[in-house]
Amino acid sequence: MTDTTTSAPAAAPVMRERIPHEIVASVLAATTAFIGGNALHLPPWAIFIAWAGTFLLGGPNLANAKRLWCAMPMGSTFALVIVLLETNAGTAFGESQLARNFFAALCILVVNTTLMYTGRLPLFSLIPGMFFGFASYFATFFGGFGYDAGNAWSAWICVIAMNALGPIFAWLSVKLAFPVPVETPSPAPAPVKPPAPRGEPA
């Protein structure tokens, strides 16, 4: 007869950071000044969005990173489509601001609906991750970031690259704290009750 019982999963060890996480994360955050403060004018804040998203998923590991790396570029791609539509056909309903607003609303309605349905595919099921990329793209494009400010494709390339660094920074913020397991004392064995004498109740 096959034994169908399963043992309980071992508890994760308690870890102690040799360097406080607050210090490590702040040093890593400071390095983004060199990423954004150059001629490419990259959006370093896009790193922080994906960095925070990694911890919202439960922390840095390869599974969480893959989910974000699939979802965020897809969200940025949907945002790129909206920008291209508005850039090339924004006056389809007229030249007035109201007419342009109606066209923009239609684009957002259609593209956002498509984005949400795309989330039904397992590869892109992390819909909040798609919105990280979606919002990051708009902030990059309309904020004038990227090696060619105002270029829709430049913004797309730059924001995908910066979002992709987020899970890596999250992983570094843990690893560079050099965590070590905390040794916990083994529980003392329970005292063994001596057997009751024969004829007496236990």
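## Exercises on a six-helix model

Phe-141 has a relative accessible area of 14% and is buried, where buried means under 20%, exposed over 50% and partly exposed in between (1.4 Å probe, protein chains only). The model is predicted: local features need pLDDT of at least 70 and side-chain atom pairs count only at pLDDT 80 or more, while totals for chains, interfaces and linings use all residues. Residues are numbered from 1 along each chain as its sequence is written, and side-chain values use heavy atoms, with hydrogens and water left out.

**Exercise 1. Describe the overall make-up of the protein.**

Step 1. Count the elements: there are six helices and two strands. Both are DSSP runs numbered from the N terminus (helices: H or I, at least four residues; strands: E, at least two).

Step 2. Put them in sequence order, which gives β-α-α-α-α-α-α-β.

Step 3. Take the burial. Of the 202 residues in the protein, 31% are buried.

Step 4. Take the surface. The protein exposes about 12,800 Å², and 69% of it comes from carbon and sulfur atoms; the areas are from the Shrake-Rupley method with a 1.4 Å probe, and for residues only the protein chains shown count as cover.

Step 5. Take the contacts, meaning heavy atoms within 4.5 Å. Among contacts with a separation of 6 or more, 68% join residues 24 or more positions apart.

**Exercise 2. Determine how the buried residues are placed on helix H4.**

Step 1. Check the span. H4 covers residues 97-118, 22 in number, and its first and last C-alpha are 31 Å apart, close to the expected 32 Å. The expected span is 1.5 Å times one less than the number of residues.

Step 2. List the buried residues: Ala-99, Phe-103, Ala-104, Cys-107, Val-111, Leu-115 and Thr-118. They lie on the same side of H4, because they cover an arc of only 135° around the axis. The arc is taken over the directions from the helix axis to the C-beta atoms.

Step 3. Look at the face turned away from the buried side, where Leu-98, Phe-102, Leu-109 and Tyr-117 are exposed.

Step 4. Identify the cover. Helix H3 (62-89) and helix H5 (127-142) are included in what covers the buried residues of H4.

Step 5. Add Met-116, which is also in H4. Met-116 is partly exposed at 39% relative accessible area. Leaving out residues up to four places away in sequence, Met-116 touches Ile-127 and Phe-131. The C-alpha atoms of Met-116 and Phe-131 are 9.7 Å apart, with their positions 15 residues apart along the chain.

**Exercise 3. Find which elements supply the largest nonpolar core.**

Step 1. Fix the term: a nonpolar core is a set of buried Ala, Val, Leu, Ile, Met, Phe, Trp, Tyr and Cys residues joined through side-chain atoms within 4.5 Å.

Step 2. Take the largest core, which has 35 residues; Trp-51 and Tyr-137 have the most contacts inside it. Two or more residues each come from helix H1 (21-36), helix H2 (45-56), H3, H4, H5 and helix H6 (152-175). H3 gives the most, eight residues.

Step 3. Trace the surroundings of Trp-51. Neighbours within four places in sequence aside, Trp-51 is in contact with Ala-25, Leu-28, Ala-29, Gly-166, Phe-169, Ala-170 and Ser-173.

Step 4. Do the same for Thr-54, which lies in H2 and is buried at 1% relative accessibility. With residues up to four places away not counted, Thr-54 touches Gly-59, Pro-60, Asn-64, Leu-68, Gly-166, Pro-167 and Ala-170.

**Exercise 4. Classify two of the aromatic pairs.**

Step 1. State the criterion: rings of Phe, Tyr and Trp (its six-membered ring) pair if their centres lie within 6.5 Å; planes under 30 degrees apart are stacked, over 60 edge-to-face and the rest tilted.

Step 2. The whole structure holds 11 aromatic pairs. Phe-93 and Phe-103 have ring centres 5.6 Å apart and planes at 80°, so this pair is edge-to-face. Phe-93 is in the loop between H3 and H4 and Phe-103 in H4, so the pair ties together parts 10 residues apart in sequence.

Step 3. Tyr-137 and Phe-141 have ring centres 6.2 Å apart and planes at 5°, so this pair is stacked. Both residues are in H5, four residues apart, about one turn of the helix.

Step 4. Extend the second pair: ring pairs link Phe-131, Phe-134, Tyr-137, Phe-138, Phe-141 and Phe-142 into a cluster.
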